[in-house]
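I opened my notebook on this one with a simple plan: check the confidence, then walk through the parts I wanted to look up. Here is the structure I had in front of me.

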Amino acid sequence: MPEVDAKTNTANKPKSAPQKAMEKLGLLRDIDLALHLPMRYEDETRLTPIGQSREGETVQCEGEVIECRVETRGRRVLLVRMEDESGDLLLRFIHFYPSHQKTMAVGQRIRVRGELRHGFFGREMVHPTFKAVSEDTPLATALTPVYPASNGLPQTYLRRAIASGLKRADLGELLPSGVVPPSLPSLRDALTFLHHPPAQARLMTLEDHSHPAWQRLKFEELLAQQISQMQAQRERALLKAPALKAQRGGLVEKLLGVLPFGLTGAQQRVSEEIAQELALPQPMHRLLQGDVGSGKTVVAALAAAVAIDAGWQCALMAPTEILAEQHFKKLIGWLEPLGLKVAWLTGSVKGKARQKMLDAAADGSAQLVIGTHAVIEDKVKFAKLGLAIIDEQHRFGVAQRLALRKKLASMDLEPHLLMMSATPIPRTLAMTYFADLAVSTIDELPPGRSPIVTKVFADGKRFNVIEKIHDEVANKGAQVYWVCPLIEESEALDLNNATETHAELSAALEGYAVGLLHGRMAPADKAAVMAEFSAGRTSVLVATTVIEVGVDVPNASLMVIEHAERFGLSQLHQLRGRVGRGAVASVCVLLYTGPLSDTGKSRLKAMAETNDGFEIARRDLEIRGPGEFMGARQSGAELLRFADLQEDSGLLQAARRLAPQLLDKYPQAARRQVERWLGSKAEFLKA
């Protein structure tokens with residue numbers, strides 16, 4: 001580990017595979033090792049006589065090897081038979097090394113642990129753990145931890161490293177007396193117990209995280225997270241931002257005048273909330289959330305109009321070129337007639353065209369710059385960036401969101417930040433991850449939207465679905481999306497791919513245009529396919545999830561999602577939102593391949609029962625947990641490892657109450673608490 005290397009002056013030595021694997025897991029400090037807790041435990045504290053072991057149980061047995069041979073029946077298999085006073089047991093190894101045969105040679109005493117089953121030759125275990133022992137080899141005195149690991153990181157290596165880190169780590173009490181509930185153990189006692197629980201410990205309380213030792217860790221983690229959020233909020237209050245005020249009779253009123261529709265009450269309310277905060281000399285840090293199709297783009301346009309009216313630039317960043325182009329077309333249609341210059345910047349814009357856009361952003365002649373992640377590249381400079389808007393913010397890594405905030409040339413000012421999401425944030429999640437974030441919610445859809453009926457079918461009904469598509473296209477002139485999860489064959493997943501499905505539907509719908517759209521196509525080809533579908537010249541669009549957000553074709557009334565069990569709940573809801581955007585009644589068909597897991601059943605059931613994005617988000621949080629819901633994998637930092645927002649709401653409320661008290665009265669202890677639990681991850685909470 002790096003700390004040891006520094007002391008022994010071996011920092012320049014090549015790192016071993018286990019060391020590299022540990023760094024990838026974030027195990028860099030002694031405290032990181034101490035907080036890397038077991039995902040389960042193995043009971044190696046007792047032996048079960050072979051004759052008393054029951055099928056389906058995981059047991060540990062000990063005895064003498066009476067047979068060890070390699071058998072070849074299609075493939076090489078190592079068969080080892082052992083016995084004790086009560087019976088015999090066959091061990092079967094499909095993958096093995098010569099060292100296995102040496103350790104389990106005839107006459108050797110071994111101790112094995114695995115799931116017992118009854119095979120053709122009696123009791124057997126397949127790939128049990130094993131080791132050579134003598135008659136006086138002692139049994140373990142505590143449950144054996146099994147840690148989350150990765151390739152190249154054996155459990156034995158990880159256990160030694162964690163035991164060493166646990167001894168070295170500074171686990172002294174940081175919190176003042178009276179802060180920790182008296183029913184909870186000290187941090188050192190809690191961690192020692194969880195890494196090495198005694199044999200008599202109740203496994204249930206360890207596995208469901210209800211043991212007081214777990215409660216102590218959850219409390220500490222939530223407290224550190226809340227302190228970090230509140231500290232970020234206080235720091236932001238000290239920052240300066242340009243005060244952006246809309247002018248009477250200015251750009252905002254002109255924009256409202258040219259829009260081909262009126263705002264809903266919710267759109268008016270959130271636009272006013274945003275405008276009021278933009279007028280302040282502190283940077284806005286606001287999330288605009290609304291269900292699919294609720295009209296967030298026009299609210300973003302109004303916010304941009306406020307910034308531009310005040311003499312500043314605005315940048316809008318979207319996760320995909322299709323979504324960025326959708327925004328570009330809408331905003332150009334609304335803003336260019338008002339005399340504004342809108343720049344377009346994505347990875348596909350090259351050469352002179354790209355340089356022209358870069359120059360326009362740098363000299364301020366482009367008042368609005370729209371693009372993908374290309375907007376945050378180092379070469380992109382702004383003359384006066386006053387407002388940054390990030391659409392589908394959860395699709396960007398935290399580092400990318402931070403980079404956009406740093407685009408203001410003056411180090412004395414920060415741009416205002418508006419993040420948009422069609423994945424509503426449940427209240428408990430907002431309290432935890434967005435404690436320092438203002439939230440504006442569009443809670444109504446524009447009039448004229450048709451309800452979407454969701455139907456769930458096993459893939460055995462695929463032919464019936466294709467017949468339905470033919471009827472919709474031939475008799476009603478409808479347009480259809482068919483979404484596939486893969487582009488081409490994968491050995492790992494037996495899924496029909498988009499290319500095959502495109503060929504199948506083209507044959508079944510002879511005489512009607514069937515398009516194909518996927519992420520590996522050149523941007524120009526994607527745009528051409530999408531333009532044909534938008535114009536109504538393509539009847540069916542076979543696509544991967546590149547159409548998940550932003551695509552707006554009001555005439556499309558049928559969505560088929562193949563292998564729906566492979567998609568996340570929020571992704572299914574986003575895809576469903578591509579239909580029902582006009583007055584025509586719309587249907588979403590979810591085709592699944594059985595057998596379904598419990599998670600898969602829960603997702604499809606939720607989709608069939610509700611169209612409400614807020615209810616979908618609540619169920620998604622229940623199913624996936626906060627880490628995946630927030631896209632924490634994209635940030636590289638799972639911000640809550642132990643606490644559960646559903647079950648630990650009491651601890652969360654206590655942490656929210658105590659955090660400001662610690663910041664005010666014990667700032668040093670508060671700082672050390674955040675450092676211990678979050679380290680560099682504290683920065684991610686500020687994005």
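My entries follow, grouped by topic.

**Confidence**

I started with how far to trust the coordinates, since this is a predicted model. The mean pLDDT of the protein is 84, and 87% of its residues reach 70 or more. I then looked up the weak stretches. Over residues 1-10 the pLDDT is below 50, and the model gives this stretch 14 contacts beyond near neighbours in sequence. Residues 629-638 also stay under 50, with 28 contacts beyond four places in sequence. My reminder to myself: where pLDDT is low, the predicted coordinates should not be read in detail.

**The six-stranded sheet**

In what order do the strands of the open sheet run? I read E17-E22-E21-E18-E20-E19, six strands with parallel pairing. Strands E17 (452-458) and E19 stand at the edges with a single partner strand each, so one side of each has no neighbour in the sheet. On average, neighbouring strands of this sheet are turned by 20° against each other, direction ignored.

Next I went through some of the pairings. E18 and strand E21 (residues 556-561) are parallel and share five bridges. Here I found Val483 opposite Ile561 in E21. I also noted helix H20 (residues 598-609), which packs on the sheet and touches E17 and strand E22 (586-592). The direction of H20 makes about 145° with that of E17.

**A closer look at E20**

Strand E20 (residues 540-543) caught my eye next. It pairs in the parallel sense with strand E18 (residues 479-483) over four bridges. Its pairing with strand E19 (residues 514-517) is parallel as well, over four bridges. Leu541 in E20 is the bridge partner of Tyr481, and Leu541 is also the bridge partner of Gly515. I followed the chain from E19 through helix H18 (residues 523-534) to E20 and noted a right-handed β-α-β crossover.

Are the two faces of E20 covered or open? Both are covered: Val540 and Val542 are buried on one side, and Leu541 and Ala543 are buried on the other. That fits what I know of strands: in a regular strand the side chains alternate between the two faces of the sheet.

**Leu316**

I picked Leu316, in strand E11 (residues 313-317), for a contact check. Its relative accessibility is 2%, so Leu316 counts as buried. Which residues does Leu316 touch beyond four places in sequence? I listed His327, Leu331, Val369, Ile370, Gly371, Val375 and Ile389. I also looked up Leu387: its C-alpha atom is 8.6 Å from that of Leu316, with the two positions 71 residues apart along the chain.

**Aromatic pairs**

How many aromatic pairs are there? I counted six. One of them is Phe120 with Phe121, edge-to-face at 5.2 Å centre to centre and 90° between the planes. Phe120 counts as exposed because its relative accessibility is 80%, while Phe121 is partly exposed at 46%.

Then I turned to Trp214 and Phe642: their ring centres are 5.6 Å apart and their planes are at 65°, so this pair is edge-to-face. The pair links distant parts of the chain, 428 residues apart. Trp214 is in helix H8 (residues 212-238), and Phe642 is in the loop between helix H23 (632-635) and helix H24 (649-665). Both Trp214 and Phe642 are buried. I closed the entry with their cluster, in which Trp214 and Phe642 are joined by Trp677.

Technical notes
Residues numbered from 1 in each chain as written. Heavy atoms only, no water. Buried < 20%, exposed > 50% of the residue type's maximum accessible area, 1.4 Å probe, protein only. Contact = heavy atoms within 4.5 Å. Pairing = 2+ DSSP bridges. Right-handed = clockwise from strand over helix to strand, strands pointing away. Axes fitted to C-alpha atoms, helices over the stretch in contact; angles between N-to-C directions. pLDDT = per-residue confidence, 0-100. Phe/Tyr/Trp six-rings, centres within 6.5 Å; stacked < 30°, edge-to-face > 60°.
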